[in-house]
Amino acid sequence: MIYLVRHGQTIFNAAARWQGQVDSPLTALGLRQAAAAGVTLRKNIISDDIALFSSPLGRAHSTAKIIAEKLGKPDDIILDPRLMEIGMGSWEGLTDYEIEQEWPNARDGLERHEWFFHSPDGESFEDMSARVQDVLTTIEEYKAQIKIIVSHGVTGRIIRSIYANIPRNEALKLEVPQDVLFELSGNGTIERIAYDI
């Protein structure tokens, strides 16, 4: 069983800045979301045989630390850079307006979530999918009965698309809430589990 969690809200999220692989701290709401994720996991997990994996980016790692504390496993986090968010190169840390000012029309004709992969010096969909597939294989082979993954918006979409064989155009439109976790069961089904903030 795998549980997939997106990090809590960050200052950049609240300001509508695209983060990519740059970082921004969790807001007060983001801290509450992380704690609520931990409480929800504690209620849903009946086994103590847990492995907690996280992106090393600060927003995910901070969320994972809070979850680990709620689960009574504060020192058991496996950091893996393959879980990092998409690398957006020069577009990282910018707003939509700032991207348009610096690279006029660069995103014209692209679907809302497809443009992430078209930064002039960013990561391609194919490269990101390959690294996410690689880490998902590693996690699935890990010996723990329960695996928890703390990652990011685009990363989480790709994990779910691989897990449930969702086509790219549908996968990129999947929701990426910060008050919900996803249970990935052995038969490729995905259950949405909301938590109270």
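Helices (H or I, at least four residues) and strands (E, at least two) are DSSP runs, numbered from the N terminus. This is a predicted model: local features need pLDDT of at least 70, side-chain atom pairs count only at pLDDT 80 or more, and totals for chains, interfaces and linings use all residues. Residues are numbered from 1 along each chain as its sequence is written, and side-chain values use heavy atoms, with hydrogens and water left out.

**Exercise 1. Placing R107**

Task: Locate R107, decide whether R107 is buried or exposed, and find its side-chain partner.

Solution.
- Step 1: R107 sits in the loop between α4 (96-102) and α5 (125-141).
- Step 2: The relative accessible area of R107 is 15%, so R107 is buried. Buried means under 20% relative accessible area, exposed over 50%, and partly exposed in between (1.4 Å probe, protein chains only).
- Step 3: The side chains of R107 and D96 share a polar contact of 2.8 Å. A polar contact is a pair of N or O atoms within 3.5 Å; within protein, one must be able to donate a hydrogen and the other to accept it, and residues adjacent in sequence count only if both atoms are side-chain atoms.
- Step 4: Set aside residues up to four places away in sequence, and R107 touches W91, D96, I99 and W115. Contact means heavy atoms within 4.5 Å.

**Exercise 2. Positive phi**

Task: For A16 and N105, state phi and the loop that holds each residue.

Solution.
- Step 1: A16 is not a glycine, yet its phi is positive, about 60°.
- Step 2: A16 belongs to the loop between α1 (11-14) and α2 (28-44).
- Step 3: Relative accessibility is 52% for A16, which therefore counts as exposed.
- Step 4: N105 is also a residue other than glycine with a positive phi, near 65°. N105 lies in the loop between α4 and α5.

**Exercise 3. Around the first helix**

Task: Which residues do Q9 and F12 contact beyond their sequence neighbours?

Solution.
- Step 1: Q9 is in the loop between β1 (2-6) and α1. Its relative accessibility is 18%, so Q9 counts as buried.
- Step 2: The Q9 side chain makes a polar contact with the T27 side chain, at 2.7 Å.
- Step 3: Leaving out neighbours within four places in sequence, Q9 contacts A14, P25, L26, T27, L29, G30, Q33 and Q178.
- Step 4: F12 is part of helix α1. With the neighbours within four places left aside, F12 contacts R17, Q19, V22, D23, S24 and G93.
- Step 5: F12 and S24 are twelve residues apart along the chain, and their C-alpha atoms are separated by 5.9 Å.

**Exercise 4. I77 and H61**

Task: Place I77 and H61, then compile the contacts of I77 and of H61.

Solution.
- Step 1: I77 is in strand β3 (residues 77-79). A relative accessible area of 18% means that I77 is buried.
- Step 2: From I77 to S54 the C-alpha distance is 6.8 Å, across 23 residues of sequence.
- Step 3: Beyond neighbours within four places in sequence, I77 contacts L52, S54, H61, A64, K65 and A68.
- Step 4: H61 is in helix α3 (residues 58-70). Its relative accessibility is 21%, so H61 counts as partly exposed.
- Step 5: Residues up to four places away not counted, H61 touches S54, S55, P56, I77 and L79.
- Step 6: H61 and Q178 are 117 residues apart along the chain, with 15 Å between their C-alpha atoms.

**Exercise 5. The whole chain**

Task: How many helices and strands does the protein have, and which radius of gyration?

Solution.
- Step 1: There are seven helices and six strands. Their order from the N terminus is β-α-α-β-α-β-α-α-β-α-α-β-β.
- Step 2: A compact globule of 197 residues would have a radius of gyration near 16 Å; the protein has 16 Å, so the two agree. The radius is taken over C-alpha atoms, and the globule rule is 2.2 Å times the number of residues to the power 0.38.
- Step 3: Along the principal axes, the C-alpha atoms fill a box of roughly 50 × 35 × 25 Å.
- Step 4: Of the 197 residues, 52% count as buried.
- Step 5: Take contacts between residues at least 6 apart in sequence: 72% join residues at least 24 apart.
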